[in-house]
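Please open the model in your viewer and keep the selection panel at hand. The tour below moves from stop to stop, saying what to select next and what is there.

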Amino acid sequence: MTVRVARASNPQGHHGHFRTAGMVRERGRQRTDSTHVLAAVRDLTRLELVTEAMRAALEELARRAPHELVGLVTEDWGKRCGRSARLGKNPSKPKTRIKETGEDARLLLRYVHRYLPALRDGEQVQALRQIFVQNYFIDAQDRPKWREPEDAGWPPSAVAIVSPYDVSARYARRGETRWKGFLAHVTETCDPDTPSVITDVTTTKAPVHDTKALPGHPGQPR
């Protein structure tokens, strides 16, 4: 992708030296290419994601206020959340697991909201809240229900969280390449009679298109 820009992306510092040397021109040409960057997270199914978020939130609460969990955490919670979630794509009794996990997560979130307000801002508690909302909705009978495309729908990949340990990572697909993580966008000059000079490097969430990462674009992350 090649575009014409009004001026070099940064008139200060090294860019000014490059312009003085004739390597970066006013109203020159630049192009932006990108490459995928993998997040340092495990690939999880949706059910594993909610289960792992529940486990991470419980561990965070246990570190911050262990006495507050006495009487709340049951033996069943220990069985479901006591170790890293590894259920696979075809877990046994999936409907039961989905129902129990949704009820567990909602109960914990409501308990923290009502009785532990000082702990609501915990990183893992907040991750669980967002992941719960993205994967469950509350039905007319006030019960958590699993989101499906034909009813409450799934969140788009631009906002869907893929790991409770890195809530900024996203799923993306380009051609045959699928990954969970980010995109690194590199902008360089491309005038035919001057050396190529990298003028901008930006890391964005994986679904962000190159055009929105161009220097000076209103959608460019800061």
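Which residues do ring pairs link into a cluster? Select F132, Y136 and W146, since these are the residues that ring pairs join into a cluster. This is a predicted model, in which local features need pLDDT of at least 70 and side-chain atom pairs count only at pLDDT 80 or more, while totals for chains, interfaces and linings use all residues. Residues are numbered from 1 along each chain as its sequence is written, and side-chain values use heavy atoms, with hydrogens and water left out.

**The whole chain**

Colour the model by secondary structure, where helices (H or I, at least four residues) and strands (E, at least two) are DSSP runs numbered from the N terminus. The protein has five helices and seven strands, and from the N terminus on its elements run β-α-β-α-α-α-α-β-β-β-β-β. Of the 222 residues in the protein, 41% are buried, where buried means under 20% relative accessible area, exposed over 50% and partly exposed in between, with a 1.4 Å probe and protein chains only. Among contacts (heavy atoms within 4.5 Å) with a separation of 6 or more, residues 24 or more positions apart account for 61%.

**The aromatic pairs**

The structure holds three aromatic pairs, a pair being rings of Phe, Tyr and Trp (its six-membered ring) with centres within 6.5 Å; planes under 30 degrees apart count as stacked, over 60 as edge-to-face and the rest as tilted. Select Y111 and Y115, whose ring centres are 5.1 Å apart with planes at 50 degrees, so the pair is tilted. Both residues lie in helix α4 (residues 94–115), four residues apart, about one turn of the helix. Y115 counts as exposed, because its relative accessibility is 51%.

Next, select Y136 and W146, which form an edge-to-face pair with 5.0 Å centre to centre and 70 degrees between the planes. This pair links distant parts of the chain, with Y136 in strand β3 (residues 136–138) and W146 in strand β4 (residues 144–146), 10 residues apart. Y136 is buried at a relative accessible area of 2%, and W146 is buried at 15%.

Staying at W146, add R46 to the selection: the charged end of R46 sits over the ring of W146, 4.0 Å from its centre. A charge sits over a ring if NZ of Lys or CZ of Arg is within 6 Å of the ring centre and within 35 degrees of the ring normal.

**Helix α4 and its cover**

Select α4 as a whole and display its buried residues, which include I98, T101, D104, L108 and Y111. What covers the buried residues of α4 includes α2 (46–64), α3 (75–81), α5, β3 and β4.

**The nonpolar core**

Which residues touch the most other members of the largest nonpolar core? Among its 29 residues, they are M54, L61, L108 and L128; such a core is a set of buried Ala, Val, Leu, Ile, Met, Phe, Trp, Tyr and Cys residues joined through side-chain atoms within 4.5 Å. The elements that give two or more residues to this core are α2, α3, α4 and α5, and its largest share, eight residues, comes from α2. Centre the view on L128, which, leaving aside neighbours within four places in sequence, is in contact with V50, A53, M54, A57, A105, L108 and L109.

**Last stop: Q134**

Finally, select Q134 in helix α5 (residues 123–135). Q134 counts as buried, because its relative accessibility is 14%. Not counting residues up to four places away in sequence, Q134 touches R147, P155, V159, A160 and I161.
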